[in-house]
Amino acid sequence: MVSITDVSSTAVFAKERTEAQNRALKAIAELKDIYAELSHSHRQFLKLSRDECMKKFADDEILFETIEALKKDQQHKKESSQEKQRIIAEITSEIEQKEMEKKSLIREFEKLQEEKNKTKERLESQYKANKDRLKNLQKARLIFEDNLGMEIRKIEDDKLQFVFRSIDPDDRNSPYIITMELTKDGSYQTVSSKPTLECLPDLERKLQETKKIAVFLKNVRKQFISQACQEGMKKQGL
């Protein structure tokens, strides 16, 4: 015969066990809900993290491209600046070279102008001196032609012939000729004499020292007369 106490204890145990099972199932269900919620949160977190990473990657790519573009732009500007500096340096050098050439041409022009003025002054001085000499020669010509029987001939632009007559007693019309040249500095230089006078170099040297053409011609005439007399005496056997 079963005891009432045993039946009561069994019922209580069964009830507690059922309650324990229910609590366990409820706890398991709550754990499942928590796990599901955590899984969902984790997936959301991973998705957000992935999106954030992708966005960061995209931003980094844009930043990298921007940096590369800036570098290229800076390099281009640097190269452009260097090219401009090179061009400016070349232009500056060319300008300086042109300035040097200009100054050189100005100095050369001034030098030529100075030489031109000196040449002009020298020519004017020579012209005046030649004009004065010609005037004196013209005066001397009249005197010599009237008193010494001398004729002056212009054979070239710068050469004169002095023709003496009445030298040879046997032939009063026989010409004795000395040819002279007027040099660039305005002095006289003997070219030839006919007949030849051996003392002509000495007479010319004195002419260069004194610049007195009239005295020179008188001495030439004397030498021609002396030479003609000597030749006449030789012919006579004296």
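**View 1. Asp168 in the loop between β2 and β3.** Welcome to a close-up of Asp168, found in the loop that runs between strands β2 and β3. Helices (H or I, at least four residues) and strands (E, at least two) are DSSP runs, numbered from the N terminus. Asp168 counts as buried because its relative accessibility is 14%; buried means under 20% relative accessible area, exposed means over 50%, and partly exposed lies in between (1.4 Å probe, protein chains only). Which residues does Asp168 touch, not counting those up to four places away in sequence? They are Tyr176 and Ala228, where a contact means heavy atoms within 4.5 Å.

Before the next view, a word on the model: it is predicted, so local features need pLDDT of at least 70 and side-chain atom pairs count only at pLDDT 80 or more, while totals for chains, interfaces and linings use all residues. Residues are numbered from 1 along each chain as its sequence is written, and side-chain values use heavy atoms, with hydrogens and water left out.

**View 2. The whole protein chain, for orientation.** The secondary structure of the chain comes to 3 helices and 4 strands, and along the sequence the pattern reads α-β-β-β-β-α-α. Of the 238 residues, 16% are buried. Take the contacts between residues at least 6 apart in sequence: 34% of these join residues at least 24 apart. The chain exposes about 19300 Å², and carbon and sulfur atoms supply 56% of that area; accessible areas come from the Shrake-Rupley method with a 1.4 Å probe, and for residues only the protein chains shown count as cover.

**View 3. The hairpin of β1 and β2.** Strand β1 (residues 150–156) pairs with strand β2 (residues 159–164) in the antiparallel sense, over 6 bridges. Two strands are said to pair if DSSP finds at least two bridges between them. The hairpin connects β1 to β2 through 2 residues. Which residue stands opposite Met150? Look in β2 for Phe164.

**View 4. One side of helix α2 is buried.** In helix α2 (residues 200–210), the buried residues are Leu200, Leu203, Glu204 and Leu207. Why do they share a side of α2? They cover an arc of only 100° around the axis, and this puts them on the same side of the helix; the arc is that of the directions from the helix axis to the C-beta atoms. On the other side of α2, Lys206 and Glu209 are exposed. The cover over the buried residues of α2 includes β3 (176–182), β4 (188–194) and α3 (213–235). Lys211 follows α2, and its phi is positive, near 65°.

**View 5. A salt bridge within α2.** Arg205 and Asp202 form a salt bridge, with their closest N and O atoms 2.9 Å apart. A salt bridge is a side-chain nitrogen of Lys or Arg within 4 Å of a carboxyl oxygen of Asp or Glu. Both residues lie in helix α2, 3 residues apart, about one turn of the helix. Arg205 counts as partly exposed, since its relative accessibility is 45%, and Asp202 is also partly exposed, at 37%. A search of the whole structure finds 9 salt bridges.

**View 6. Salt bridges along helix α1.** Asp59 forms a salt bridge with Lys55, their closest N and O atoms being 3.2 Å apart. Because they are 4 residues apart in helix α1, about one helical turn separates Asp59 from Lys55. At 35% relative accessibility, Asp59 is partly exposed. Lys77 and Asp73 meet through their side chains in a salt bridge too (3.3 Å, N to O), and both lie in helix α1, 4 residues apart, about one turn of the helix. Lys77 is partly exposed with a relative accessible area of 47%, as is Asp73 with 33%. An α-helix has 3.6 residues a turn, so residues three or four places apart point the same way.

**View 7. A network of salt bridges.** Here the residues to find are Glu83, Arg86 and Glu90, which are linked in a network of salt bridges.

**View 8. A nonpolar patch on the surface.** Leu31, Ile34 and Leu38 form this patch, and together they have about 310 Å² of accessible area. Patches are made of residues with over 30% relative accessible area and no salt bridge; like charges are joined within 9 Å, and nonpolar side chains (Val, Leu, Ile, Met, Phe, Trp, Tyr) within 5 Å. Leu38 is found in helix α1 (residues 4–147). Is Leu38 buried or exposed? It counts as exposed, because its relative accessibility is 54%.
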